[in-house]
Amino acid sequence: MLKKNIIKHEKIIEEVRAAKTNALVRARRGELWIEEHQHTYNEMMADYVEIIDMVKKMIRYKKNPFWINVIAQFIAFLNNPIAYILNRKKARKHALDSYWEMKKIKKEWDDDFKFTNKRIDEDYYFVEESEKFIKEHTAILNNAKKALSKQQKKKGK
């Protein structure tokens with residue numbers, strides 16, 4: 001009976017060790033994914049900040065008196081008349097569409113990073129708890145093996 005329990009608990013410990021290894025691998029993969037995509041995220045954030053600045057400037061210009069807007073439009077026309085004519089009507093709509101699209105992408109990236117960090121923390125917590133479990137049960141198994149060997153020595157006498 002004791003021998004069967006020892007074998008059963010050895011299998012449990014091996015399963016926990018395998019799960020611990022899998023958790024470590026998963027956590028490391030998550031860390032590598034974050035490192036790999038951090039550069040892309042930073043580039044996207046720079047674009048997002050640039051678009052936010054554009055939208056803030058649009059709002060600020062809109063609040064100016066009419067004659068300042070006329071002068072700004074006239075200067076923009078003189079600087080590049082073809083681009084002014086082609087892009088004037090589309091610029092605001094494009095800036096606002098870009099803002100909302102970038103905001104959506106930023107939210108997705110933030111959610112991905114948050115989820116990945118949460119999973120990494122959970123995996124490391126599991127590893128810590130499994131190490132405690134393995135130490136405790138290994139000590140119990142060693143005591144049980146000693147007791148079994150004492151029983152067998154008594155039976156052999």
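A residue is called exposed when its relative accessible area is over 50% and buried when that area is under 20%, with partly exposed residues in between. In the predicted model described here, W100 has a relative accessible area of 53% and is therefore exposed. Y99, by contrast, has a relative accessible area of 17%, so this residue is buried. Together, Y99 and W100 form an aromatic pair of the edge-to-face kind, with 5.0 Å from centre to centre and 70° between the planes.

Confidence in the model can be stated for the chain and for its elements. The pLDDT averages 87 over the chain, and 99% of the residues score at least 70. Among the elements of the chain, the highest mean pLDDT, 90, belongs to α1, whereas the lowest, 79, belongs to α2.

The aromatic residues were examined further. A pair of aromatic rings is described by the distance of the centres and the angle of the planes. The count of aromatic pairs in the model comes to seven. In one of them, formed by W33 and W109, the ring centres are 6.4 Å apart and the planes stand at 25°, and because planes under 30 degrees apart count as stacked, the pair is assigned to that class. This pair links distant parts of the chain, since W33 lies in helix α1 and W109 in helix α3, with their positions 76 residues apart in the numbering. The accessibility of the two partners falls into separate classes: W33, at 27% relative accessibility, counts as partly exposed, while W109, at 17%, counts as buried. Both tryptophans also belong to one aromatic cluster, which is formed by W33, Y41, W109 and F113.

Attention then turned to the open spaces of the model. Rolling a probe the size of a water molecule over the atoms shows where empty space is left. The largest pocket has a volume of about 850 Å³, and its lining is made up of 21 residues, among which M58, Y61, Q73, A91 and R92 lie nearest the centre of the pocket. Two or more residues of this lining come from each of the elements α1 (2–63), α2 (66–79) and α3 (81–156), and α3 gives the most, with nine residues. In chemical character, the lining of the largest pocket divides into eleven nonpolar, five polar and five charged residues. Helix α2, which has the lowest mean pLDDT among the elements of the chain, is thus one of the elements that give two or more residues to this lining.

Terms used: Residues are numbered from 1 along each chain as its sequence is written. This is a predicted model: local features need pLDDT of at least 70, side-chain atom pairs count only at pLDDT 80 or more; totals for chains, interfaces and linings use all residues. Side-chain values use heavy atoms; hydrogens and water are left out. On a 1 Å grid over the protein atoms alone, a cavity is a set of points where a 1.4 Å probe fits but cannot get out, and a pocket is an open set with protein on both sides within 12 Å along at least five of seven lines; lining residues have an atom within 4 Å of a point. Grid points are joined across faces, edges and corners, and a volume is the space filled by probe spheres set on the points. Helices (H or I, at least four residues) and strands (E, at least two) are DSSP runs, numbered from the N terminus. Ala, Val, Leu, Ile, Met, Phe, Trp, Tyr, Cys and Pro count as nonpolar, Asp, Glu, Lys and Arg as charged, and the others, Gly among them, as polar. pLDDT is the predictor's confidence in each residue, from 0 to 100. Rings of Phe, Tyr and Trp (its six-membered ring) pair if their centres lie within 6.5 Å; planes under 30 degrees apart count as stacked, over 60 as edge-to-face and the rest as tilted. Buried means under 20% relative accessible area, exposed over 50%, partly exposed in between (1.4 Å probe, protein chains only).
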